[in-house]
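Trainee: I should like to learn how to read strands, sheets and helix packing in a structure. May we work through an example together?

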Amino acid sequence: MSADERISESKDREIVVERLIHTPRALVFKAFSDVEHIGNWWGPNGFKTTTHEFDFRIGGVWRHTMHGPDGTDYPNYSVFTEIREPELISYNCGTSPDEKFWFHSTISFEARGNDTNVRLRLLLASTDLYQEVIKHGAVEGGQQTLERLEKHLLGD
Amino acid sequence: MNSFTALADSTRRDIVSMLARKGELTAGEICKRFEMTAPAISQHLNVLKEARLVRMRKDAQRRIYSLNEAGISEIETWVAEVKAIWHERFDALDDYLQKLQGKEKRNVRRRKNQREQG
């Protein structure tokens, strides 16, 4: 686990994944912003991607289906919220326009010579969940209450 | 329905945080906190139960709800999966761009050679 991942986990509801890509920034940005490129790597392993709509501008919609290796289809519906070429792309992401978004994703591109550091930040929409449920304290607290209640019911 | 689909709804998220704070609540107590009909809340509770985010036990006429650790650990697993997906994605991106540039360099070389020869 990288130092960055440790920091992000302490921030409750964030998932951060970072990678140095051995390609200049302009081309890396293009791989994310050009629909011709995305289908070639978006995957992940064993997955195929079909893009139905890709409107790369603020407020534009990106609709794609990820086809899993077991034949399961995963629909994705995203709306771009910020674009700053060549350094940042933000979008809200969910499964359909009728549902609330699950995440806010930010992908940032930092030039490092001929390489590019790409940083993905996923912010979970379910903030309450992350702040209150993942904390083991909350779960354990619930468990203790349960035990107390059981004792009470058993007349202990 | 998985945990995250179940939590895509704000009422269901509120119910889960409420249970995280209080430990246990009856269906009636949960209902009182929302401006919704009992059947609507009951439907939300069923979705949460099916997603294994909450547990229900009956005590005489009362239905008592609490968090279900199985669903919670499903969320932690899910976070790990999301990370794995992005690591794979970055691997594929790096490979793809390497190939693309190799090809571009070769094309440039070929064009250059053609020019020199022509």
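Trainee: Which residue in β7(A) stands opposite A:Ser105?

Mentor: Please bear in mind that this is a predicted model. To find such a partner, one looks across from one strand to its neighbour. Here A:Ser105 faces A:Leu122 of β7(A). The two strands concerned, β6 (residues 103-112) and β7 (residues 115-124) of chain A, run antiparallel and are joined by ten bridges.

Trainee: In what order do the strands of the sheet in chain A lie?

Mentor: One reads a sheet from one edge to the other, strand by strand. In chain A the order is β1-β7-β6-β5-β4-β3-β2, an open sheet of seven strands with antiparallel pairing.

Trainee: Why is one side of β1 and of β2 in chain A left without a neighbour in the sheet?

Mentor: Both β1 (14-21) and β2 (48-54) of chain A stand at the edges and have a single partner strand each, so one side of each lacks a neighbour in the sheet. With direction ignored, neighbouring strands of this sheet are turned by 25° against each other on average.

Trainee: Which strands does helix α2(A) touch?

Mentor: When a helix packs on a sheet, one notes the strands it touches and then its direction. Helix α2(A) touches β1, β5 (88-94), β6 and β7 of chain A, and its direction makes about 160° with that of β6(A).

Trainee: Which residues of helix α2 in chain A are buried?

Mentor: Within this helix, residues 25-33, the buried ones are A:Arg25, A:Val28, A:Phe29 and A:Ala31. Viewed down the axis of α2(A), they fall within an arc of 155°, so these buried residues line one face of the helix.

Trainee: How many helices and strands does chain B have?

Mentor: One counts the elements and then reads their succession. Chain B has five helices and three strands, and from the N terminus they follow one another as α-α-β-α-α-β-β-α. Of its 118 residues, 27% count as buried.

Trainee: At what angle do helices α2 and α4 of chain B pack?

Mentor: For a pair of helices, one considers both the angle and the distance between axes. Helix α2 (residues 10-22) and helix α4 (residues 38-50) of chain B pack at about 70°, their axes 10 Å apart. Therefore α2(B) and α4(B) are roughly perpendicular to each other.

Trainee: Which residues of α2(B) and α4(B) meet?

Mentor: From α2(B) come B:Thr11, B:Arg12, B:Ile15 and B:Val16, which meet B:His44, B:Leu45, B:Val47 and B:Leu48 of α4(B). The residues of this contact comprise five nonpolar, two polar and one charged.

How values were computed
Residues numbered from 1 in each chain as written. Chains lettered and ligands numbered in written order. Predicted model: local features only at pLDDT ≥ 70, side-chain atom pairs only at ≥ 80, totals over all residues. Buried ≥ 20, exposed ≤ 12 C-beta atoms within 10 Å, placed from the backbone. Helix = DSSP H or I, 4+ residues; strand = E, 2+ residues; numbered from the N terminus. Arc of directions from axis to C-beta. Pairing = 2+ DSSP bridges. Axes fitted to C-alpha atoms, helices over the stretch in contact; angles between N-to-C directions. Contact = placed C-beta atoms within 7 Å. Parallel < 35°, antiparallel > 145°, perpendicular 65-115°, else oblique. Nonpolar A, V, L, I, M, F, W, Y, C, P; charged D, E, K, R; others polar.
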